[in-house]
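Reader: Hey, I've got a protein open on my screen and no idea where to start. Can you walk me through it?
Author: Sure, let's bring it up and go through it together.

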Amino acid sequence: AARIIQNMDPTADPCKDFYQYACGGWLNRHVIPETSSRYSIFDILRDELEIILKGVLETSDQGDREAFQKAKILYKSCMNESLIEQRDSSPLLEALTMVGDWPVASADWNKTKEPSWRMEEKLSIMNSRFNKRVLIDMFVWNDDRDSSRHIIYIDQPSLGMPSRDYYFNGGNYQRVREAYLQFMITIAKMIREDKNVSKDDSFVQEEMVKVMELETEIAN
């Protein structure tokens with residue numbers, strides 16, 4: 001109750017400016033950080049929680065239950081920047097091999113990989129191994145008709161960009177769209193280089209434009 005009152009501005013007339021009356025105290029006491037586009041009590045709680053979690057994850061894992069040990073191992077692996085730099089792109093290349101490689105990062109994918117490539121198999125691997133849903137989203141959740149049981153849901157997945165507006169609108173959306181395409185081209189070139197595949201910028205450009213066209217069709 002004290003926090004709510006502190007975040008109000010009782011000097012404002014609620015009949016004229018209810019927002020200032022309800023939130024004026026918060027606005028006077030807080031400035032949006034330069035690193036954020038918004039700032040609310042939830043952002044403050046998140047920052048405080050991250051500090052607490054950091055302290056917990058950096059303690060010894062002796063005697064911890066298995067789930068806590070895994071969380072600490074994951075945290076340590078992310079913090080080990082020297083090993084990450086040493087491994088370079090090898091984890092990504094291993095992941096690509098699991099899902100049937102990437103045509104744009106291959107010299108002869110149509111001949112060597114496509115004959116044995118099965119979309120259903122690769123989609124299931126992406127889901128089970130990498131928690132990544134492509135083309136189809138599938139998950140288990142409470143049945144809306146009977147909350148005592150769980151059922152399989154099939155739905156559309158999220159798009160590559162935050163919303164369909166990014167695929168069709170102009171202005172800033174178009175600039176983001178152009179940067180998104182350039183980002184895909186850059187990544188493809190980097191992977192081709194790491195796999196010692198000959199440089200072919202025009203091929204990469206053409207392939208990534210096709211990817212963009214497919215994503216746009218899905219967004220539509």
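**Chatting through the model**

Author: Let's begin with Val134: its relative accessible area is 32%, so Val134 is partly exposed. Keep in mind that this is a predicted model.

Reader: Okay, and where does Val134 sit?
Author: Val134 is in the loop between helix H8 (119–130) and E1.

Reader: What kind of surface patch is Val134 part of?
Author: A nonpolar one. Val134 shares it with Trp117, Met119, Leu135, Ile136, Met138, Val140, Ile152, Ile154, Leu214 and Ile218, and together they have about 1,000 Å² of accessible area.

Reader: Which elements give two or more residues to that nonpolar patch?
Author: Strand E1 (137–142), strand E2 (150–155) and helix H11 (201–219).

Reader: Back to that loop after H8. Anything odd about the backbone there?
Author: Yes, look at Asn131, which is in the loop between H8 and E1. Asn131 is not a glycine, yet its phi is positive, about 55 degrees.

Reader: Is Asn131 buried or exposed?
Author: Exposed, because its relative accessibility is 55% and the cut-off for exposed is over 50%.

Reader: Which other residue has a positive phi without being a glycine?
Author: Asn196 has one too, at about 60 degrees. You'll find Asn196 in the loop between H10 and H11, and with a relative accessible area of 72% it is exposed.

Reader: Cool. Let's zoom out: how is the chain divided up?
Author: Into domain 1 (1–79), domain 2 (89–109 + 160–219) and domain 3 (118–158). Notice that domain 2 is written as two stretches, 89–109 and 160–219.

Reader: How far apart are domain 1 and domain 2?
Author: Their C-alpha centres lie 36 Å apart.

Reader: Now charges! Which residues make up the patch of negative charge?
Author: On the surface, Glu81, Glu85, Asp88, Glu193 and Asp194 gather into that patch. Helix H5 (81–87) and helix H10 (172–194) are the elements that give two or more residues to the negative patch.

Reader: Where's Asp194, and how covered is it?
Author: Asp194 is in helix H10. Its relative accessibility is 34%, so Asp194 counts as partly exposed.

Reader: And Glu193, what does that come close to in space?
Author: One pair to check is Glu193 with Ser90: they are 103 residues apart along the chain, and their C-alpha atoms are separated by 12 Å. Ser90 belongs to helix H6 (residues 90–98), and it is partly exposed, with a relative accessible area of 27%.

Reader: Any other pair like that?
Author: Try Lys122 and Gly100, which are 22 residues apart in sequence and 7.2 Å apart in space, C-alpha to C-alpha. Lys122 is in helix H8.

Reader: Why does Lys122 count as buried?
Author: Because its relative accessibility is 13%, and buried means under 20%.

Reader: Makes sense. How many salt bridges are there?
Author: The count comes to 13. Let me show you some of them.

Reader: Start with Lys72. What does it form a salt bridge with?
Author: Asp64, with the closest N and O atoms 2.5 Å apart. Lys72 counts as buried at 5% relative accessibility, whereas Asp64 counts as partly exposed at 22%.

Reader: And which residue does Asp201 pair with?
Author: Lys199, and there the closest N and O atoms are 3.9 Å apart. That still makes the cut, because the limit for a salt bridge is within 4 Å. Asp201 is partly exposed at 32% relative accessibility, while Lys199 is exposed at 73%.

Reader: You brought up H11 earlier. Got a salt bridge in there?
Author: Yep, Lys210 and Glu207 form one, with the closest N and O atoms 3.4 Å apart. Both residues lie in helix H11, 3 residues apart, which is about one turn of the helix.

Reader: Last one: which residues are linked in a network of salt bridges?
Author: Arg38, Asp43, Arg46 and Asp47 are linked that way. Try picking out those residues on your screen.

Notes
Residues numbered from 1 in each chain as written. Predicted model: local features only at pLDDT ≥ 70, side-chain atom pairs only at ≥ 80, totals over all residues. Heavy atoms only, no water. Domains from an automatic or database assignment. Patch = residues over 30% accessible without salt bridge, like charges linked within 9 Å, V, L, I, M, F, W, Y side chains within 5 Å. Areas by Shrake-Rupley, 256 points an atom, 1.4 Å probe, with all protein chains shown as cover. Salt bridge = Lys/Arg side-chain N within 4 Å of Asp/Glu carboxyl O. Lys, Arg positive; Asp, Glu negative; His and termini not counted. Charge placed at Lys NZ, Arg CZ, Asp CG, Glu CD. Helix = DSSP H or I, 4+ residues; strand = E, 2+ residues; numbered from the N terminus. Buried < 20%, exposed > 50% of the residue type's maximum accessible area, 1.4 Å probe, protein only.
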